[in-house]
Amino acid sequence: MKNTSPMPVTIDPVSLEVVRNALTAIAEEMSMVVMRAARSPLLREAGDHSSALTDSQGYLVAQGADVPVHLGVLSFTVREFLARVGADRLAPGDVWIVNLPEVGGNHLPDVKLIRPVYRDGILYAFAVSLAHWADVGGAMPGSYFAGARDAWAEGLRMPPTRLVAGDVMDDEKLALILANVRGPAERKGDILAQIAATTVAARRLDELAQRHSTNWLTAAFEAIHDRAERQMKDAISAIPNGVYSGEDWMDDDGHGGAPVPIRVTVTINEDTASFDFSDSADAVPGPINTTRFIAGAAAFYVMKALYGPDIQPSGGCYRPLQVITRPGSIADAPDDKPVVGGNHETCQRLADAIFHALTPVAAAQLSAGGPTTAGLVIFGTRTDQGIATFYEVHPGGEGARIDRDGMASTRVHLANVMNTPAEVIETEYPITVEYQKIRRGSGGAGHHRGGDGIIRAYRMRGVETTVTTMFERAVVPPYGLQGGEAGALFEARIEHADGTVQPLRGKQNVQIGKDDLVVVTSCGGGGYGLPVD
Amino acid sequence: MTGWRLGIDIGGTFTDVIAVPPTLPTGGGTQRTAKVPSQPQQPVNAILDAIAAVGLTWPEVAEIVHGTTIVTNDIVESRWRPCALIATAGFSDTIEVARGSRRNLYRMDLAPRPQPLVPASLRFEAVERLDHEGRVVTELTDADIARVVAEVQASGVDTVAVCLLHSFRNTDHERRLGQALRKVIAHVSLSHEVSPEFREYERMNTTVLNAMMMAKIKHHLGLLADRKPDASRLHLMHSASGMASPALIAERPLMLAMSGPAAGVAASCRIAADLNMSHAITFDMGGTTTDVCLIVDQRAQISVNRDLGGQRIRMPMVAVDSIGAGGGSIARLVAGALMVGPESAGARPGPACYGKGGTLPTVSDADMLMGYLNPTRTLGGSITLSAEHATAAIKPLADAMRFSVDQAASGIARVVHANMARALRRATVERGLDLRQFDMIAFGGAGPMHAVEVARLCGIARIVVPAFSSGFSALGCVEAVMSYSRQTTVGMKSGAWDQAGLDALLADQTAELAAALVNAGHPRDGLVVRHTAGIRYSGQSYETPIEGPNLADPAALGAQFDAAHRALYGYATGEAWELASLRIEVLAPETAPQARPDKTPSSATIVQGTRRMVFESGEAVEVSVLDRDSLPPGQPQDGPLIVEDAWSTTVIPPGDRVTADAAGNLTIEVRL
């Protein structure tokens with residue numbers, strides 16, 4: 001099957017599926033390496049990481065572990081990286097590190113390692129490993145600083161930096177990074193795992209290039225893009241032509257502000273679609289701003305979930321999609337704005353706004369509003385061994401649908417990270433879980449009821465703990481659909497050892513002490529249709 | 001040994017049996033095999049039929065080992081017996097809180113996961129609390145035991161599962177509750193007995209599933225006991241590829257969850273040992289799925305977490321990965337790419353070539369047109385294959401791709417092979433192994449047809465198609481040894497090594513496992529104990545498995561771990577580590593009889609004829625069809641060839657070569 005001639009290569013339907021399988025297998029192998037070898041709790045079975053292969057231009061051709069929010073990121077990361085670094089500065093055996101949100105990114109904790117892949121001196125692909133580090137420095141353990149007013153407060157900012165040259169680690173750059181993050185030994189483990197993933201990918205790609213040729217592979221990459229483009233066009237064609245507007249609201253930015261509008265205008269024209277978020281609010285002082293890449297991720301997710309679950313993530317998907325953001329807005333914030341929560345909170349609201357917009361033409365396919373928040377609470381406790389950072393997500397009630405009730409205790413849409421078992425928490429952190437219950441009756445009423453949220457209570461065993469919250473749906477509830485009622489609001493509070501009770505806001509950092517109890521009460525899902533009685 | 005030994009595998013459709021005579025034949029042919037229809041409603045009758053089918057009566061049988069899909073089917077088909085749950089106060093909703101994740105990322109229409117196994121009305125709480133080291137925080141009082149037992153009784157169920165927080169660290173509270181419950185409730189399952197590991201949701205769900213299966217399995221075992229002569233022994237094939245006594249299975253029926261696949265894996269382990277394979281991967285391709293399992297150093301790889309029918313099960317089981325592709329998988333063109341599966345034509349209507357009304361093109365239809373399937377054979381006595389129907393199904397697909405029908409058929413095969421190669425790679429990568437080190441053991445209806453091209457894609461150079469490939473699982477049953485294994489959480493850090501504590505844990509767990517074997521009549525000093533340590537650097541959550549760990553010397557153990565980590569990931573940091581878990585296996589390696597097919601050595605290959613075949617290139621060639629039983633041992637023959645017997649077809653493409661051995665196994669050398 002060797003084809004080294006310069007003749008144009010055609011990729012038939014069989015070869016296309018065969019090569020797609022081979023490339024996906026490589027990306028999956030990368031993800032397994034990261035999952036098994038990395039240290040940050042989020043990379044564990046929860047799987048807050050992604051792997052991808054791109055063509056030589058940086059367009060995605062395959063992805064491993066499928067975290068929807070990362071799709072938007074990895075679809076742009078290598079292209080933005082190339083726009084800044086330039087292919088002529090890259091060399092075989094390089095691995096670069098980057099986490100700047102403006103370089104095809106989202107927030108600082110999601111660190112990307114990028115390896116250019118060569119054969120016979122020709123750059124033909126990139127392997128990228130993205131992983132959410134448990135800490136990337138900044139003001140607070142876990143690198144979520146609710147009080148942040150600028151980008152520098154959020155942690156170590158890494159522009160594209162060559163960390164490995166000629167397959168040898170640059171120990172000085174590594175030391176610089178490790179000196180600026182909490183848990184340097186664990187972070188080193190994460191970096192090594194991510195590099196190992198890109199190394200495996202390069203080796204596998206080389207085997208593939210050997211079997212075919214880089215020329216053939218490049219043609220196959222193009223065929224993959226073309227196919228994804230066709231799938232996306234088919235999906236768009238299923239929606240009636242028209243202009244659809246929707247809005248939803250963020251609770252606040254953590255700095256005492258009012259709810260923040262997220263607005264979208266969706267324009268469907270035959271087989272193209274545009275998603276214009278320009279009417280959304282201006283960038284806010286607090287850390288719920290986000291990037292245009294995240295806006296792309298939200299648009300892509302909605303199209304896939306509503307109209308084409310089988311659409312292959314690839315650079316070609318974005319060809320018929322136009323995602324418009326207004327520079328300076330919350331969805332395309334200036335580079336100096338804090339963004340840490342925007343990655344999973346604002347991102348979900350961008351998707352909610354699109355769902356609202358499409359309600360007139362898709363009510364039968366939509367779920368009512370669910371827990372479109374990570375329900376994030378981070379505990380940073382000082383111990384003899386340093387600062388133990390426990391990062392936990394809280395699922396809520398799924399929104400009801402036209403044909404069924406919502407399910408209790410579920411993550412929806414762009415996130416799917418699992419919770420941490422009580423027995424693991426008590427073993428690894430100075431925290432006791434007092435109870436975990438279903439929050440009965442919290443789902444919105446309706447012809448079909450929204451799912452119920454949960455209640456979980458954490459007792460502090462450490463003397464001094466910093467609690468960080470980053471949740472939404474505490475002011476603006478998960479919406480009902482077609483007459484169904486909204487789900488109950490997200491709530492959290494501290495029951496102090498002395499008996500006083502202190503409500504927690506959605507974006508807050510507070511110091512608490514031994515025996516204080518943190519109670520997290522997640523939101524219910526919205527109901528669907530008018531309640532029968 | 002006096003009396004016959006029988007391996008009986010009760011599958012979904014057929015029950016296979018192999019009977020090994022009292023004294024092993026050195027040359028004569030007295031082993032017997034048979035196939036009878038399974039009787040899902042009356043599994044005991046299938047066993048009686050199987051005994052009769054090999055011309056025996058039960059009193060002539062010294063021992064039966066049987067594998068069964070009873071438990072598997074109930075789980076996959078969600079047949080649940082109402083079950084109460086008792087949890088630590090504040091944690092009975094854990095069964096519903098679960099882990100909060102959903103199964104399908106992009107399918108909002110599908111329920112995120114199955115409904116909780118226990119409804120809220122059957123969840124009860126005991127006032128008690130242990131901490132993470134097993135110390136009592138709140139004592140469980142006798143009064144509270146009485147209260148909660150009365151509540152469960154009042155609910156009217158006869159089945160209850162108990163899962164208290166941290167109970168695997170200190171079993172006292174669960175034991176006391178269990179004692180009280182067993183006086184009044186028929187079926188009681190305690191979490192520290194079923195799955196003594198941390199992570200309360202997984203332990204709870206596993207314990208509930210185990211409880212739910214108890215009534216049915218006890219009933220089945222009771223019927224068997226009624227029919228069985230006292231002198232005849234009976235064992236069951238459990239999920240970790242060993243056999244277990246009925247007494248243990250009655251308490252741990254969930255050990256049968258993977259009984260069927262485990263039997264096939266056991267037979268493969270035996271083949272790997274016979275042929276001296278250090279690394280082997282099984283390739284069992286059937287109608288709707290293909291099962292693969294890794295065998296390293298003649299031992300099946302074991303996993304402790306598995307989703308079966310959407311339910312999370314945590315106990316040691318053979319690490320069989322099921323790929324949703326088989327003979328019935330449907331091919332279709334999706335946005336310009338040829339996709340195959342996971343939709344399947346199933347048994348009804350079945351592939352188009354069965355002529356039972358199927359019109360969509362399947363892998364079997366492609367096999368038919370490529371000459372993989374013998375057009376003159378009837379399947380199961382009733383299905384006559386039809387090339388016309390196969391052609392009619394594939395033609396529209398071929399036209400849409402601007403391919404000939406032959407090219408389309410071979411294209412379907414190529415896509416299936418790529419799917420399988422990806423799945424095989426995933427199975428090895430997950431465990432940090434390199435596929436190219438492996439040999440393949442191919443069986444199942446379609447396994448020997450498709451094995452060579454899959455092996456080639458994976459860089460696998462040698463394939464063995466075992467003798468007995470029909471009834472292979474029954475062979476696994478008859479050759480199984482008694483073994484019980486259990487994985488337990490340890491959580492001991494290298495910097496805080498507690499040798500005495502570890503020794504005590506080892507002694508306790510080993511004694512408990514050994515007691516079950518001794519009770520089943522095996523002498524204690526004949527038992528063999530194997531350990532697998534799960535070690536990780538602090539902060540990692542995946543453990544690196546260390547076989548044969550040095551548990552008496554932490555420094556040596558650390559060196560074993562660093563070496564294994566380096567081999568897996570290319571680096572080791574030499575930092576502090578943790579002995580996270582320990583799997584203990586106790587087995588009774590008494591001589592299991594070696595069942596071997598009896599064949600008369602042949603001197604001349606019988607050519608049954610020729611058949612038109614299509615290989616990956618899409619070109620058609622006439623290929624000789626050889627009678628499998630007539631292949632002279634030790635004489636290589638070059639492909640393209642078909643080797644066939646009454647039960648299986650093995651395809652050897654051009655450039656590859658096949659050799660039979662004296663035992664009737666085929667070895668294929670794959671050109672890479």
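This passage describes how chain B meets chain A, how chain B is divided into domains, and how one of its sheets is built, all in a predicted model.

We may start where the two chains touch. Here 62 residues of chain A are in contact with 54 residues of chain B. Several elements of chain B each supply at least two residues to the side that touches chain A, namely the helices α3 (94-97), α7 (200-227) and α12 (405-429) together with the strands β21 (329-334) and β22 (337-344). Of these, α12(B) gives the most, with 9 residues. Sorted by class, this side of chain B has 25 nonpolar, 15 polar and 14 charged residues.

Within chain B, five domains are assigned: domain 1 (76-218), domain 2 (259-326 + 433-474), domain 3 (329-415), domain 4 (482-588) and domain 5 (607-669). The centres of domain 1 and domain 4 of chain B, taken over C-alpha atoms, are separated by 27 Å. Between this pair, 4 residues of domain 1 are in contact with 5 residues of domain 4. The side contributed by domain 1 of chain B has 3 nonpolar residues, 1 charged residue and no polar ones.

Turning to the sheet, 4 strands of chain B form an open arrangement with mixed pairing, in the order β31-β32-β34-β35. The edges are held by β31 (607-614) and β35 (649-652) of chain B; each has a single partner strand, so one side of each is left without a neighbour in the sheet. From one strand to the next, the twist averages 25 degrees. Strands β32 (residues 620-627) and β34 (residues 641-644) of chain B run parallel and are joined by 4 bridges. In this sheet, Asp627(B) stands opposite Glu644(B) of β34(B).

Methods
Residues are numbered from 1 along each chain as its sequence is written. Chains are lettered from A and ligands numbered from 1 in the order in which they are written. This is a predicted model: local features need pLDDT of at least 70, side-chain atom pairs count only at pLDDT 80 or more; totals for chains, interfaces and linings use all residues. Two residues are in contact if their C-beta atoms, placed from the backbone, lie within 7 Å. Ala, Val, Leu, Ile, Met, Phe, Trp, Tyr, Cys and Pro count as nonpolar, Asp, Glu, Lys and Arg as charged, and the others, Gly among them, as polar. Domain bounds come from an automatic or database domain assignment. Two strands pair if DSSP finds at least two bridges between them. Axes are lines fitted to C-alpha atoms, for helices over the stretch in contact, and angles run from 0 to 180 degrees between N-to-C directions.
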